[in-house]
Amino acid sequence: MYLIRRIYTIKPGEARRAATLIDTIGKAYQEAGTRGESRVYFNSGTTPGDKNTVVMEWTDDTLQSPYRTDRIRVEGLEETSAQLRELAIESVIEFWELMTDEKAI
């Protein structure tokens with residue numbers, strides 16, 4: 001089991017708007033059956049930590065290439081993704097293997 005976390009750096013003052021778009025994208029992937037439930041959190045400067053940051057995370061049983069031939073394309077996100085690109089300065093992705101009982105030594 002893996003935790004996948006995408007971290008966006010957003011233009012100042014736009015974290016909440018970007019979080020709304022990212023949440024919409026995550027829900028579309030879930031409804032299409034290509035991903036489990038995601039969680040989105042953000043900091044627009046109202047809490048300690050990195051300002052202008054939005055994070056989406058979800059878990060998956062496997063890590064798979066987004067370029068695989070059997071990948072299901074989620075339709076209807078073109079406008080939402082374009083709006084997000086206008087707000088995002090950059091993004092990075094992290095992959096973490098989750099500890100489970102069968103992995104214990």
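I count two strands as paired if DSSP finds at least two bridges between them, with helices (H or I, at least four residues) and strands (E, at least two) taken as DSSP runs numbered from the N terminus. The model is a predicted one, in which local features need pLDDT of at least 70 and side-chain atom pairs count only at pLDDT 80 or more, while totals for chains, interfaces and linings use all residues. I number residues from 1 along each chain as its sequence is written, and side-chain values use heavy atoms, with hydrogens and water left out.

Strands. I looked up the partners of β1 and found that eight bridges join β1 to β3 in an antiparallel arrangement, with Tyr 2 opposite Asp 60 of β3. I then turned to β4 (residues 88-97), which pairs with β1 over nine bridges, also in the antiparallel sense, and there Ile 4 stands opposite Phe 95.

Helix α1. I noted that α1 covers residues 15-31, 17 in number, and that its C-alpha span from first to last is 24 Å, close to the expected 24 Å, a value obtained as 1.5 Å times one less than the number of residues. Its buried residues (under 20% relative accessible area, 1.4 Å probe, protein chains only) include Leu 21, Ile 22, Ile 25 and Tyr 29, and the buried residues of α1 pack (heavy atoms within 4.5 Å) against β1, β2 (38-43), β3 (53-60) and α2 (78-87). Just after α1, I found Gly 33 with a positive phi of about 80°.

Notes
Buried < 20%, exposed > 50% of the residue type's maximum accessible area, 1.4 Å probe, protein only.
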